[in-house]
Amino acid sequence: MSDKKLTVALAGNPNAGKTTLFNALTGMRNHVGNWPGKTVSVERMEGKAEYNGYTFEIVDLPGTYSLSSRALDEEIAAEYLRNEKPDVVVNIVDAAHLERNLYLTMQLIELGCPLVLALNMNKYAEAEGFVIDTNKLSKLLGVPVVKIEAIDKTGREDLLKAIIGKPAASNILPRYSEELEEHIAEIAKTPSERFDALFALLNNTEDEPAEITSTRKHIENMCGADIAEVIADARYAYIAGVLHESVHHMQAGGKSQTGRIDRILTNRWLGFPIFALIMYVIFQLVFTLGAPPMEWIETFFGWLGEVCGEGLAAVSAPDWVTSLVVDGIIGGVGGVIVFLPNIIIMFFLLSIMEASGYLARVAVLMDRIMHALGLHGKSFIPMILGFGCSVPAIMATRTLESERDRKLTMLLTPYMSCGARMPVYILFVGIFFAPEWQGIAMFALYFLGIVVALLVGIALRHTVFKAGKTEFVLELPPYRLPTIKGVLLHTWNNAKEFLVRAGTIIFAACLVVWLLASLPFGVEYGSLDSVLGMIGSAIAPIFEPLGFGFAEAAVAIIMGLLAKEVVVGTFGTLFGVGEEALGDVLINLFTPLSSVSFMVFVLLYVPCLAALFTIKKESGSWKFTIFAAALMLVVAWVVSFIVYQGGLLLGF
Amino acid sequence: MQKTSMSLRDVKPGLTVQIAKFNGVSEDLRRRLLELGMTCGSRVTVCGEAPLGDPIVLEVKGCRLALRKKEAEGIEVKTI
């Protein structure tokens with residue numbers, strides 16, 4: 001029974017097609033798990049596949065170039081392979097870049113993994129003139145080698161057959177120089193300790209045995225180079241030997257297309273116009289194409305609420321039950337699902353950009369500018385998406401490799417004024433500004449968001465994020481045509497995750513707000529008599545120095561956590577007037593200056609609970625999420641304070 | 001032909017050079033570059049630079065890499 005169940009790990013370089021193969025093998029039957037002992041930030045994708053009566057539990061390891069450093073993703077992969085000992089490790093390699101890809105393979109062999117080498121992208125390798133003798137390669141490495149195409153079914157059978165053949169670990173260990181081998185043998189008493197011996201030599205620790213330290217020194221002196229260079233040299237020299245016997249390079253003339261495309265897309269004059277055009281199209285598609293389905297969803301939930309409300313009234317259910325169902329449950333679920341069109345379109349386009357190789361070029365184009373902010377070129381995309389909606393924007397940070405970049409980008413993205421803040425501006429600007437100043441006022445708010453993001457970015461870089469490295473080396477993968485299946489699966493996986501994870505928690509938070517707005521029993525939903533109203537009255541003095549220290553503003557700000565546009569509706573509920581008549585009420589409560597201060601606060605404080613829980617989901621840390629929320633509240637308060645008090649001083 | 005040494009930063013686009021030495025590169029980055037195949041003596045082609053002048057794009061063992069000029073400055077190369 002148990003021998004028909006195999007654990008299969010997928011290992012390989014980034015861009016070798018690992019995720020494509022994972023999706024192709026598991027289809028939709030996959031889920032996100034956690035690496036033991038690690039608090040997240042690197043996702044563990046697991047899935048199931050079946051073949052010929054066998055069940056495979058497939059684990060997608062992080063894409064790495066090596067296993068020998070202390071980088072988090074490499075550590076996770078190495079620890080998994082060593083401790084959980086998967087039955088088979090499939091090492092997927094890019095046949096067009098075999099030399100570089102085999103560097104990881106050497107280490108997998110030295111680790112003693114039961115390996116299957118899957119050569120991917122053979123068409124591209126052939127187009128570039130490489131002829132690979134798989135039999136020879138298999139003999140030289142001591143592992144089964146199969147040719148596959150991860151994007152279609154080519155070689156799938158062969159790969160699955162090789163997996164159920166349960167290969168043993170290779171008995172052909174790489175041979176480096178005599179000198180090096182001698183010293184490895186001194187440390188590694190058995191061949192299975194070889195990888196650990198090399199790892200120990202590469203990574204010096206304070207409490208390492210004296211033997212390791214002296215051997216390292218000795219090797220460095222003998223070779224006249226440092227240990228990392230000696231070992232990398234040795235591995236590449238061995239690989240060169242293997243390739244010399246198993247691969248023939250026909251003609252060098254058939255240069256790949258990538259260089260040609262790069263000459264256009266990263267061209268000094270054309271690079272930015274093309275990028276701007278692509279960003280414009282993405283923005284339009286995400287938020288314009290996403291708008292009608294969003295409206296349908298809103299209409300549907302509005303209709304559902306009405307029907308349920310009427311139904312409950314017909315059976316004379318108590319008011320609080322009606323309110324729970326209509327405002328709490330239906331409103332809460334609707335408030336989450338409404339983001340779905342944006343998220344689906346965003347991930348669809350993002351995965352096309354990623355799979356085609358263009359995303360890496362965006363990083364090259366924008367790096368100079370984003371580097372000034374202490375960020376990575378790729379951070380630009382989440383930031384610009386933030387103008388539409390913070391939720392997909394924060395989710396887009398997962399395209400960034402380093403945790404530091406992801407976190408810093410997550411903290412800055414919410415200052416980009418999202419679409420939901422617009423109705424608040426429209427209401428207040430419409431009341432307090434002369435028509436000819438309205439456009440400028442709106443623009444100024446958006447611009448202020450960017451300036452604040454800049455200043456907060458600089459402040460964070462000199463304090464909390466001081467330690468992080470900012471240097472980078474980025475692989476620019478060859479341009480490839482994305483497959484529809486791959487893009488759709490990627491989109492589906494991300495959308496599903498949003499629905500399941502964020503959905504449950506955002507929904508729960510919405511219920512809590514509903515409860516606060518409804519208690520004690522019998523009060524009007526969200527009125528000043530509710531618990532929420534009382535909280536509003538209690539915290540109102542905090543906003544006194546900002547010019548809007550009254551309970552209604554405080555309640556609207558709290559309700560705005562559900563979604564910023566709720567601020568407008570809340571004023572309507574609180575004053576018992578429709579949105580058209582709000583102007584007459586608000587003009588008595590706000591001065592033009594305090595209205596600006598209020599809009600600035602709405603611009604800068606926590607975008608909404610959905611965004612906050614997305615930060616939690618992406619960072620995996622409550623501590624970080626609370627820090628993010630606190631930071632946004634403090635920044636909002638301080639900037640509004642400066643605006644209001646500064647305005648008073650200037651005599652407005 | 002005379003072999004001359006210079007920093008990778010100053011190599012003209014289109015030229016292929018040989019890695020000679022890492023001077024001012026951090027330990028982590030040097031290791032990453034070694035793993036990516038930029039071992040001493042290996043060949044590197046400078047493909048070009050980003051529209052804003054930084055980073056530069058390299059080709060190493062058939063793979064394209066982007067590297068900031070500040071880091072490229074710390075890599076000594078030889079002409080071939």
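This is a short talk on chain A, one of its helices, and how chain A meets chain B.

Okay, so before anything else: what we have here is a predicted model. Let's start with chain A as a whole. It has 652 residues, and 45% of them are buried. Its C-alpha atoms fill a box of roughly 90 × 60 × 50 Å along the principal axes. For secondary structure, chain A comes to 29 helices and 10 strands. And if you take the contacts in chain A between residues at least 6 apart in sequence, 71% of those join residues at least 24 apart.

Now let me pick out one helix, α14 of chain A, residues 319–337. Does its length add up? Well, what span should 19 residues give at 1.5 Å a residue? The expected figure is 27 Å, and the end C-alpha atoms sit 25 Å apart, so the two agree. That said, α14(A) has a bend of about 35°, and you'll find it at A:G331. A:G331 is also on the list of buried residues in this helix, along with A:S323, A:V326, A:D327, A:G328, A:I330, A:G332, A:G335 and A:V336. While you look at that list, keep in mind that an α-helix has 3.6 residues a turn, so residues three or four places apart point the same way.

On to the two chains together. On the chain B side, 30 residues are in contact with 31 residues of chain A. Which elements of chain B supply at least two residues each to that side? Those are α1, residues 27–35, and β5, residues 63–67. Of the elements there, α1(B) gives the most, with eight residues. Sorted by class, the side of chain B that touches chain A has 15 nonpolar, five polar and 10 charged residues.

Now β5(B), because there's a sheet running across the chains: seven strands, open, in the order β10(A)-β5(B)-β4(B)-β3(B)-β2(B)-β6(B)-β1(B), with antiparallel pairing. β10 of chain A and β1 of chain B stand at the edges with a single partner strand each, so one side of each has no neighbour in the sheet. On average, neighbouring strands are turned by 40° against each other, ignoring direction.

Last, zoom in on where the chains join up. β10 of chain A is residues 473–476, and four bridges tie it to β5(B), the two running antiparallel. Within that pairing, A:L474 has B:A66 as its bridge partner, and A:V473 stands opposite B:L67.

Definitions and conventions
Residues numbered from 1 in each chain as written. Chains lettered and ligands numbered in written order. Predicted model: local features only at pLDDT ≥ 70, side-chain atom pairs only at ≥ 80, totals over all residues. Expected span 1.5 Å × (residues − 1). Bend = angle between axes of the 7 residues up to and from the residue. Buried ≥ 20, exposed ≤ 12 C-beta atoms within 10 Å, placed from the backbone. Contact = placed C-beta atoms within 7 Å. Nonpolar A, V, L, I, M, F, W, Y, C, P; charged D, E, K, R; others polar. Pairing = 2+ DSSP bridges. Axes fitted to C-alpha atoms, helices over the stretch in contact; angles between N-to-C directions.
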